[in-house]
Amino acid sequence: MNEKWTARITTVGSSLIAFFSPVFILVYVMIALVLFDFITKISAIVKKQKGKSLKQKCYKIKSYLAKFTPIKALFYSIFIFLVYGIEIAVFGQSVYITNAFALMFYMVELYSIAENLDFCFGQNIFVNAVKKIRKLFENKVASVISDNNSTEEQP
């Protein structure tokens with residue numbers, strides 16, 4: 001009886017891993033960005049406490065920050081998996097909706113990292129760079145949409 005349950009659990013686990021394997025790279029990148037955001041946030045907090053002892057700097061690093069990071073990574077990952085599952089269930093194949101959602105999460109994390117790095121270095125270099133990249137992306141999407149609309153209207 002025990003061997004049957006072990007075989008069933010192994011089968012279900014390996015089936016889930018095989019099903020979600022195309023989006024693992026998206027999840028790995030998301031986890032890396034969340035961890036880098038955590039590191040830069042700690043650096044910004046330590047930088048803010050200039051001239052204080054290490055003990056006083058460590059008190060400013062709240063436990064919610066350490067608790068929030070794995071929770072954020074977990075929920076981002078679960079959302080990516082759910083969107084991929086829904087995408088496969090509806091369309092029968094990947095039409096890159098999952099990638100679009102992951103890109104939005106990446107932009108949020110990159111902006112947070114840029115804010116933390118700007119605070120550490122004292123300038124707005126990184127935030128301005130992210131804003132320019134976002135603007136280029138928005139312009140490219142708008143031009144593709146307008147090109148598609150203009151070709152549809154012509155007979």
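Among contacts in the chain between residues at least 6 apart in sequence, what percentage join residues at least 24 apart? It's 63%. Keep that number in mind while you click around, and remember that this is a predicted model.

**Stop 1: the whole chain**

Start with everything shown as a cartoon. You'll find 6 helices and 0 strands. Follow the chain along its sequence and the pattern reads α-α-α-α-α-α.

Now switch on the surface. The accessible surface of the chain is about 11200 Å², and 68% of that belongs to carbon and sulfur atoms. Of the 155 residues in the chain, 24% are buried. The next stops visit three of the residues that count as buried.

**Stop 2: Lys 72 and Asp 37**

Select Lys 72 and Asp 37 and show their side chains. They meet in a salt bridge, with 3.0 Å from N to O. Colour helix 2 (residues 24-48) and helix 4 (residues 63-91) to see where the partners sit: Asp 37 is in helix 2 and Lys 72 is in helix 4, so the salt bridge ties together parts that are 35 residues apart in sequence.

Are these two buried or exposed? Lys 72 has 14% relative accessibility, so it counts as buried, the cut-off being under 20%. Asp 37 comes in at 7% relative accessibility and counts as buried too.

**Stop 3: add Glu 109**

Leave Lys 72 selected and add Glu 109. Here's another salt bridge: the side chains of Glu 109 and Lys 72 meet at 3.3 Å, N to O. Glu 109 belongs to helix 5 (residues 97-121) and Lys 72 to helix 4, so to speak two distant parts of the chain, 37 residues apart, that this pair links. With 2% relative accessibility, Glu 109 counts as buried.

Show all three side chains together. Asp 37, Lys 72 and Glu 109 are linked in a network of salt bridges. How many salt bridges does a search of the whole structure find? The count is 2.

**Stop 4: out to the surface**

For the last stop, select Ile 71, Leu 74, Phe 75, Ile 78 and Leu 82. These residues form a nonpolar patch on the surface. Together they have about 470 Å² of accessible area. Pick out Leu 82 and look at the cartoon underneath: Leu 82 lies in helix 4, the helix that also holds Lys 72 from your earlier stops.

Note on methods:
Residues are numbered from 1 along each chain as its sequence is written. This is a predicted model: local features need pLDDT of at least 70, side-chain atom pairs count only at pLDDT 80 or more; totals for chains, interfaces and linings use all residues. Side-chain values use heavy atoms; hydrogens and water are left out. Helices (H or I, at least four residues) and strands (E, at least two) are DSSP runs, numbered from the N terminus. Buried means under 20% relative accessible area, exposed over 50%, partly exposed in between (1.4 Å probe, protein chains only). Contact means heavy atoms within 4.5 Å. Accessible areas come from the Shrake-Rupley method with a 1.4 Å probe; for residues, only the protein chains shown count as cover. A salt bridge is a side-chain nitrogen of Lys or Arg within 4 Å of a carboxyl oxygen of Asp or Glu. Patches are made of residues with over 30% relative accessible area and no salt bridge: like charges are joined within 9 Å, nonpolar side chains (Val, Leu, Ile, Met, Phe, Trp, Tyr) within 5 Å.
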